[in-house]
Amino acid sequence: MYALREAIAAFRRAPVLTGLASAMVGLALYVVGLFGLATYNLQLALSSIEERVEVAVYLRDDARQSEIDLLLTELAAIPEVRSVRFISKRDALERARVELPEFGALFTDLEVNPLPQSLEVELRPGSRSPDIVQRVSEAALLYPFVEDARYGREWVDKLFTLRRIGAATTAVLGSAFALVAALIIGTALRIAIFARREEIYVMRLVGATNGFIRRPFLLEGAMAGLLGGAIAWALTYATYRGVYTYLFEVAWMPDSWVALALGAGCLFGAFSSLLAIRRHLEDL
Amino acid sequence: MIKLTNVSREYPKRGYALRDVSFHLKKGEFAFLTGHSGSGKSTTMRLVHMSDRPTKGEVRVTGFSSEKVTQRHIWKVRRRVGFVFQDFRLLPGRTAQENVAFVLEVTGTPRAAITSRAQRLLSQVGLSTMAGAYVNELSGGEQQRVAIARALANDPLVLLADEPTGNLDDRATRGVLDLFWDINAKGMAVLMATHDLELVRRYPHARVFELDHGELVFDSAEG
C-alpha cells in the first residue's frame, strides 16, 4: 500500500521528470511499434502471396475416373495437403474463358478442348515451402496417368528467399530496435531514480529494509513503462490511421501484439528500475 | 553501547585512515570525538554507523558486531542508531513534519500514529510551530533540529552526530548542543565528531576522544 502511494506520489511530486521518463519510454517503444506495424503488414502481404502456392497435377485424357479418385485420396492423405480439387477439361476451358477474355474467340471456335483435366492441390498454411511443394508434386508424378505436376518452382523459390530475408531482417532489426529501446528506457529510469537518490539515502540511513525501498521504485518503473507503452500505442495508432487514410491500405496489428508490447513495457520498466536502484542500495 | 577493538581502516590508495583504535562508549555517556581534518573522525563515525567496515578489528554497536552483521540485515543496526550530518541531508520539497514522518513511514510505524508522533518529535526539538514549513524555508539551526528529530524517530539507543554544528552560528550551535544534552539526560548515548576544540572545552563533563593521523591519542576517561 505504501509502495503504491509512494509511486503515485512520485509522479505527483516530480511531474516533469516522470513525464519525461514516460515520454522517452513512449518514443522508444513507438519506434518498436512502427517496426511491428511494418513487420505485420509485410507478413500479411507475404502470406497472401503464399496462399497462391499450389500444385497443379495434369492428368492424361485417358485416365480413368477410378484412378483419378485414387490419386485424389492419396494426395489428400498427405498431412501437409489441405484440399485436392478435381478440374475437368470442361471446367478448365470455362475457367480459361473467364480468366483470359482476350482469347475468348479462340476458345469459342475450338472443335476439340485442348486443355487437360487436372487436380489442384492446396497446401496447409506453413506447409508451402519449396521442399514440401516439390515432395507433393513428386508424389503425384509417380502415377503413370499423370502427365505433369507444376508449382511454379522459380517463383516459389523466390518467395521463400524473400520470406527468409524478411524473417532475418525482422530478427536483426527487431532486436536492434528493442535493444535501443531498452537502453533508452533504462537510462530514462536511471535518471528518474538518480534524482531521488537522497530519498534512497535517507531510507537506508534510518533503517528501511531493501525490499521496502525497492517496492515503490519497482511500481514507479512499471507505471512509467505502462504509461510509455500507452503513449507508444497512441502514436503508432495515429501513424497507422494517417497512412491508411492518406497513403495506402494497411492493417492494424492484432490486439495480442499490442497487449504483449504494453506488458513488455511494464515489465521492462520494473526491471530497469530494479537494476538502477541496486547501485544506490549499495551506497550506504 | 559502542565498542571499537583494535580497529583499523585502510584504503587501497590513501593508506590507513584509522590504525588500531580501541574505545568503549557506555550507555548514557556523552562523548566528543575530536581531531584535525583528516584525523579519522568521519571514518570512525562511518564505521560505527556500519556504512563502512574495518579492515582489521571489530566494531560493536548496540550488540551488533561488524564481523557478523550482513549488508542484508544492516537495517537492524540503523534502527538503533540515529545519525545527524553537518549538511542536514533533509529531503527538499517536503515540510519539517513530512521529513520526520517519512522516517516513521519507511520503518513501519502504523499510519494512524505517524502524524502525532512526528509532531511530538518536532516539539521535542522546539519546532512544533514550524511543522508545516518547507525545510528550505528554515534557518540552518532549525534544519539541524529537524534532522535531530528525524534521527530520534526510531527511538535509537545511540545518537551519532558528524560535525553537526559545522554550518551553524554560535547561537544555533549552543541550541543544538543543549538539545544533545537533553537527549543524553534521558539515557541515550551521544557521540559527536567535531574539530571545534573551543566547543569541546565548553562542556567539561563530556568524555573526549582525540584522533590524530588515524590513531587515538587521547581518551579523557583514561586521563
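## Asn6 and Phe88 of chain B

In this predicted model, Asn6(B) lies in strand 1 of chain B, the stretch of residues 2-11. The backbone of Asn6(B) has a positive phi of about 50°, although the residue is not a glycine. Because 12 C-beta neighbours fall inside 10 Å, and a residue with 12 or fewer is classed as exposed, Asn6(B) counts as exposed.

Phe88(B) likewise is not a glycine and has a positive phi, here of about 65°, but its setting is a loop, the one between strand 6 (81-84) and helix 3 (96-106) of chain B. Phe88(B) has 20 C-beta neighbours inside 10 Å and therefore counts as buried, since the threshold for that class is 20 or more.

## The open sheet of chain B

Strand 1 of chain B belongs to an open sheet of four strands, arranged in the order 2-1-4-5 with antiparallel pairing. The edges of this sheet are formed by strand 2 (15-25) and strand 5 (64-65) of chain B, each of which pairs on one side only.

At one of these edges, strand 5 of chain B runs antiparallel to strand 4 (residues 56-61) of chain B, to which it is joined by two bridges. Within this pairing, Arg60(B) stands opposite Ser65(B) of strand 5 of chain B.

## Strand 3 of chain B and its parallel partners

Strand 3 of chain B, residues 30-34, is mostly covered, with five of its five residues buried. In a regular strand the side chains alternate between the two faces of the sheet. Both faces of strand 3 of chain B are covered: Phe30(B), Phe32(B) and Thr34(B) are buried on one side, while Ala31(B) and Leu33(B) are buried on the other.

Strand 3 of chain B pairs in the parallel sense with strand 8 (residues 189-193) of chain B over four bridges, and in that pairing Leu33(B) stands opposite Ala193(B). Four bridges also join strand 3 of chain B to strand 9 (residues 207-212) of chain B, again with the strands running parallel; here the bridge partner of Thr34(B) is Glu210(B) of strand 9.

## An exposed glycine in a loop

Gly132(B) is placed in the loop between helix 4 (111-124) and helix 5 (140-152) of chain B. With 10 other C-beta atoms within 10 Å, Gly132(B) is exposed, because the exposed class covers residues with 12 or fewer.

Despite this exposure, Gly132(B) touches Thr95(B) and Gln97(B), when residues up to four places away in sequence are left out of the count. Gly132(B) and Thr95(B) are 37 residues apart in sequence, yet their C-alpha atoms are 5.5 Å apart in space.

## Chain B as a whole

The secondary structure of chain B comes to seven helices and ten strands, and 43% of its 223 residues count as buried. Among the contacts in chain B with a separation of 6 or more, 68% are accounted for by residues 24 or more positions apart. The pLDDT of chain B averages 93, and 100% of its residues score at least 70.

## The open sheet of chain A

Chain A also contains an open sheet of four strands, whose order is 2-3-1-4 and whose pairing is antiparallel. Strand 2 (81-87) and strand 4 (146-150) of chain A each have a single partner strand and stand at the edges, so one side of each is left without a neighbour in the sheet. From one strand to the next, the twist averages 15°.

The partner of edge strand 4 of chain A is strand 1 (residues 54-59) of chain A, and the two pair in the antiparallel sense over four bridges. In this pairing, Tyr58(A) has Asp148(A) of strand 4 as its bridge partner.

## The contact between the chains

The contact takes 13 residues from chain A and 15 residues from chain B. On the side of chain A that touches chain B, the elements giving two or more residues are helix 1 (2-13) and helix 8 (197-205) of chain A, and helix 8 of chain A gives the most, with five residues. The residues on this side of chain A divide into eight nonpolar, two polar and three charged.

For the complex, the predictor gives an ipTM of 0.83 and a pTM of 0.68.

Terms used
Residues numbered from 1 in each chain as written. Chains lettered and ligands numbered in written order. Predicted model: local features only at pLDDT ≥ 70, side-chain atom pairs only at ≥ 80, totals over all residues. Pairing = 2+ DSSP bridges. Contact = placed C-beta atoms within 7 Å. Nonpolar A, V, L, I, M, F, W, Y, C, P; charged D, E, K, R; others polar. pLDDT = per-residue confidence, 0-100. Axes fitted to C-alpha atoms, helices over the stretch in contact; angles between N-to-C directions.
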